[in-house]
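Take a moment to turn the model around on your screen before reading on. We'll walk through it one stop at a time.

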Amino acid sequence: MAGMRRDRGRTGLSGDGISRARVVMIHPKHCAALLASLALCGALFSCGGRKNQTDALNRLERCSSEDGPLDSYCGRVEVWENRAAQTGRRIALNVVVLPGLRRTSVADPLFFLAGGPGQGAAQLAPQLKEAFRQVLIDRDVVLVDQRGTGKSNSLACKLAEEKEQEADLKATIENLKDCLSGYDADPSLYTTSIAMDDLDEVRAYLGYGKINVYGGSYGARAAIAYARQHPDQLRAVILDGVATPDMSLPLYMARDSQRAFSLLAGDCAADPGCNDRFPDLAGRFERLLDRLDARPEKIRVTNPRTGEGREVRVNRPMVASIVFSALYSPETSAVLPFLITQAEAGDFQGLMALGSLNEGALDQISLGMRYSVVCAEDAPRIADGAIERETSGTFMDKTLAELFLAPCKFWPRGQVPADFYEPFSIDAPALILSGEFDPVTPPVWGEEIAMEWPGARHIVVPGAGHGTFNRGCTIQMIRQFLNEASSANLDSSCVEKLHRRPFFLGYSGPRAAGAPTTELRPGQRGTSQ
């Protein structure tokens, strides 16, 4: 059955791969490191809700401005690093609780599991307080920096600045080895299943009973693991951009990002304004990459934030990584046809500026934790020749995937439970969300889990990229699902109104002088030329 699932993923029924690894795509200069049933009591809310919230908050303290929003609660929960042995080093898990806003807040909180692998949930507290305001009306939102991330005995590794934007694999490997030797930790104990036992210990410490779990990107893999390991404590689960346990990062990233780009090129061809300005976008992009593959170009670019000029060597992996990262978001995707055409003509300034948006992305990602997960859970399942086969004919080719896996040759490898990759069913209701244009966790992966969980409902959000909760009415659907602990009454027609953002036809935006533009709506799909 597990084999069938992997085969189904490879056929590309819709297309995926990860952070956000997001995966988070990192800046081109670091592409060597490339590659988230309610018991009623007369009304909608649980009778014991306020007491449970008070129990949890009494174990924490008001956050300082350095730890989280001032109206939230912060604390540390100590756990054994080696949970099996229950001896040796203890580590403190960083916890932030955003309290529910109503006095009648329900007893079951929402635990938010971050992506990556390598991103800490607690460090996202300020952003999530705003993004999940609808959910906070009714219940607490609990954020735990997973072991090895954020302030939970972090396995962060800051890569040295390079003289050029081109990746230096040897320097990066040496950098990671230096970090590895300096950790006060056993990196083999920082895998997903161990972290989900941590999470349940935090739940018990805070005095919560059953909980709801939201996982986006890699966080979805973590949520699946929690559902497998602690089904009796799970009230409901939401997966947003599903990275399954058997995804084998980064094996399918090239295939799934190619799917996203092909959809973009097809939609450009179907849009009169885009097709008039940028005909044969797919062909133009392929020819640009072939040119850079054969002969990388030295160019001078200006940093859009500092105004500093410098020379950089532009090659295929650099441009491919910028485009891959841009496909995560509908806003940045809309600029790609224009910037690719500019680059084809020798003007790389816009494309390099787009790449600079990811500068600093690694500051939020614990690379050590990422490799503790990937090297234990993904890399061992990638057979010889599989990367070359899966990347053939894609714009990313095999280079970036090989760079992503290079540290696994020396990174300590943890144990993975025998049933970690096996299909299983859950009794709790599940809402599965996928972005139509997601380049790394597209709908095919969400469909895989929906087929295994009979009570799950899978909703594909039109026009969305990687992550859907901030698109249109999706957060309202999430709130309704949590309050009812059921997807039966969810009306997804509101998301059907969403569509791809209009393409930029020039630096001035979607409309160039005298050129028409059309917003593509669901069902109005073009074909890549």
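Let's begin with helix 8 and helix 10 in this predicted model, whose axes come within 8 Å and cross at roughly 130°. That angle makes helix 8 oblique to helix 10, because an angle has to fall between 65 and 115 degrees to be called roughly perpendicular, and has to be over 145 to be called roughly antiparallel. So who does the touching? From helix 8, the contact is made by Phe-261, Leu-264, Ala-265 and Cys-268, and from helix 10 by Leu-281, Ala-282 and Phe-285. Sort those residues by class and you get seven nonpolar, no polar and no charged residues.

Stay with helix 10, which covers residues 281–294, and look at its other partner, helix 11, at residues 316–326. These two helices pack at an angle of about 145°, with their axes 8 Å apart. Helix 10 brings Phe-285, Leu-289, Asp-290, Leu-292 and Asp-293 to the contact, while helix 11 brings Arg-316, Val-319, Ala-320 and Val-323. Which classes turn up in the contact of helix 10 with helix 11? There are six nonpolar, no polar and three charged residues. Did you spot Phe-285? This residue is on the list for the contact with helix 8, and it is also on the list for the contact with helix 11.

Now step back along the chain from helix 10. Asp-280 sits in the loop between helix 9 (272–277) and helix 10. Its phi is near 55°, a positive value in a residue other than glycine. Is Asp-280 buried or exposed? Neither label fits: its relative accessible area is 26%, so it counts as partly exposed, because buried means under 20% and exposed means over 50%.

Another loop, this time leading up to helix 8, is worth a visit. It lies between strand 7 (234–242) and helix 8 (253–270), and Pro-250 is found there. A cis peptide bond joins Leu-249 and Pro-250, with omega about -5°. Ser-248 has its place in that loop between strand 7 and helix 8 too, and although it isn't a glycine, it has a positive phi of about 55°. With a relative accessibility of 3%, Ser-248 counts as buried.

Want another cis peptide bond? Go to Gly-116 and Pro-117, which are joined by one with omega about 0°. Pro-117 is in the loop between strand 4 (110–113) and helix 3 (125–131).

Next up is the pairing of helix 6 (residues 192–205) with helix 7 (residues 218–229). Their axes come within 9 Å and cross at roughly 70°. That makes helix 6 roughly perpendicular to helix 7, and the crossing is right-handed. On the helix 6 side, the residues that meet helix 7 include Met-196, Leu-199 and Arg-203, and the helix 7 residues they come up against include Tyr-218, Ala-222 and Tyr-226. By class, the contact of helix 6 with helix 7 has six nonpolar, three polar and four charged residues.

Helix 6 also holds Asp-198. Where does its side chain find a partner? It makes a polar contact with the side chain of Arg-83, at 2.8 Å. Asp-198 is at 2% relative accessibility, so it counts as buried. Leaving aside neighbours within four places in sequence, Asp-198 is in contact with Val-79, Arg-83, Leu-93 and Arg-147.

You'll meet a buried side chain with a polar partner again in helix 19, which runs over residues 474–484 and includes Asn-483. Asn-483 has a relative accessible area of 8%, so it is buried, and a polar contact of 2.9 Å joins its side chain to that of Asp-138. Other buried residues in helix 19 include Thr-474, Met-477 and Phe-481. Just after helix 19 comes Ala-485, whose phi is positive, near 50°.

For a last stop, try Leu-70, in the loop between strand 1 (61–62) and strand 2 (73–80). Its relative accessibility is 57%, so it counts as exposed. Apart from neighbours within four places in sequence, Leu-70 is in contact with Arg-62, Cys-63, Ser-64 and Ser-65. Pro-126 is 56 residues away from Leu-70 in sequence, and the two are 9.6 Å apart in space, C-alpha to C-alpha.

Key: Residues are numbered from 1 along each chain as its sequence is written. This is a predicted model: local features need pLDDT of at least 70, side-chain atom pairs count only at pLDDT 80 or more; totals for chains, interfaces and linings use all residues. Side-chain values use heavy atoms; hydrogens and water are left out. Helices (H or I, at least four residues) and strands (E, at least two) are DSSP runs, numbered from the N terminus. Buried means under 20% relative accessible area, exposed over 50%, partly exposed in between (1.4 Å probe, protein chains only). A polar contact is a pair of N or O atoms within 3.5 Å; within protein, one must be able to donate a hydrogen and the other to accept it, and residues adjacent in sequence count only if both atoms are side-chain atoms. Contact means heavy atoms within 4.5 Å. Axes are lines fitted to C-alpha atoms, for helices over the stretch in contact, and angles run from 0 to 180 degrees between N-to-C directions. Angles under 35 degrees count as roughly parallel, over 145 as roughly antiparallel, 65 to 115 as roughly perpendicular and the rest as oblique. A crossing is left-handed if the near helix is turned anticlockwise from the far one by less than a right angle, and right-handed if clockwise. Ala, Val, Leu, Ile, Met, Phe, Trp, Tyr, Cys and Pro count as nonpolar, Asp, Glu, Lys and Arg as charged, and the others, Gly among them, as polar.
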